[in-house]
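User: I am new to this structure and would like to understand the terms used to describe it. Please take me through them with care.

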Amino acid sequence: MSHVIEVTHLTKEYKKLRAVDDLSFTVEKGEILGLLGPNGSGKSTTINCILTLLSYQNGSIRIFNEEMRPSAYDMKRKIGVVFQEVAVFEELSVYDNINYFCGLYIKDRKLRKQYVEDAIALVELQNFQKFMPKQLSGGLLRRLNIACGIAHKPELIFLDEPTVAVDPQSRNAILEGIKELNRCGATIVYTSHYMEEVEILCDRVIILDQGKLLAAGTCDELKKLASIEEKISVEIRDLDEAHRLCIQEMEQVESLSYDGQVLQIIYKQGQDHLIALMSYLQKEQIPYHRIYSERPTLNDVFLELTGKELRD
């Protein structure tokens, strides 16, 4: 695979704040890269530097094997951007909005008409072409925003939180549309706080915090960074403290929590934890309902790397 984006030793400072700190990574042709990090981690600053919307102090950025510059208009025609904030014209219909943004890059009217129709079909807005933005639900508006950003069929697409505050049906339509864009050859940089979306979509993930690269790899590779091996949850009512202490002292138990209805146990390593726990519950004649085991998730790794404290 070849590099579509190559960021090398990127540093961006705002007075005394270093928003991006000696950051290096690549995005390969045809992949969906998940760019993750808590609020203030440097994700948006990094993307804005790549798009030359911000200047930076040190480092280099290459796109399609060429140095990215503010005046690189031919290169920018190959890029599509869908920001988190919806940016469409309220006085234009759905069709006219998409046609306008596509027209910034595609001058041939016949070709542009086909591109606009393709974008409308991709986000499933065929029944809303004459609607004005104020007539659309939040999910439909998000889908319009995506169509405006990708109608010119860019080779590289940046998607920033495209499913924020949408209903499950719209989210599913958006995710399917992103998969289709990728199947058609687009390379995609995807930011989201929904870890399940990242696991579904992304070929590779990088995690940033305080402007630094904390980890990079596939979802499976990142999960191996977790210090926990297994999480078991059991629905038990009124489990007394003596039994909780006995379970806590079992081999390889890292921690235990109980809210009066669900017992959750985290194990450091090892195997056969579920069998051992069920044997104990049966021996002690403790009635329980549902019991299930989970391996570390991407969310577990994310919190372990970036911390659990709240961010502004």
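What follows is a set of questions about the terms, each with its answer.

Analyst: This is a predicted model, in which local features need pLDDT of at least 70 and side-chain atom pairs count only at pLDDT 80 or more, while totals for chains, interfaces and linings use all residues. Residues are numbered from 1 along each chain as its sequence is written, and side-chain values use heavy atoms, with hydrogens and water left out.

User: Why is Cys49 called buried?

Analyst: Buried means under 20% relative accessible area, exposed means over 50%, and partly exposed lies in between, with a 1.4 Å probe and protein chains only. Cys49 has a relative accessible area of 0%, so Cys49 is buried.

User: What makes Cys246 partly exposed?

Analyst: The relative accessibility of Cys246 is 40%, and therefore Cys246 counts as partly exposed.

User: How many disulfides are there?

Analyst: A disulfide is a pair of cysteine sulfur atoms within 2.5 Å, and by this rule the count is zero.

User: What makes the buried residues of helix 10 lie on the same side?

Analyst: Helices are DSSP runs of H or I with at least four residues, strands are runs of E with at least two, and both are numbered from the N terminus. In helix 10, residues 273–283, the buried residues are His273, Leu277, Tyr280 and Leu281. They cover an arc of only 95° around the axis, so they sit on the same side of helix 10; the arc is that of the directions from the helix axis to the C-beta atoms. In general, an α-helix has 3.6 residues a turn, so residues three or four places apart point the same way. On the face of helix 10 turned away from the buried side are the exposed residues Ile275, Gln282 and Lys283.

User: Which elements cover the buried residues of helix 10?

Analyst: Among them are strand 11, helix 9, strand 13 and strand 14.

User: Why does Asp300 count as buried, and which residues is Asp300 in contact with, leaving aside its neighbours within four places in sequence?

Analyst: Asp300, which lies in helix 11 (residues 298–306), has a relative accessibility of 15% and therefore counts as buried. Contact means heavy atoms within 4.5 Å, and, leaving aside its neighbours within four places in sequence, Asp300 is in contact with Ile228, Lys231 and Arg295.

User: How many bridges join strand 11 to strand 14?

Analyst: Two strands pair if DSSP finds at least two bridges between them. Four bridges join strand 11 (residues 230–235) to strand 14, and these strands run antiparallel, with Ser233 standing opposite Tyr292 in strand 14.
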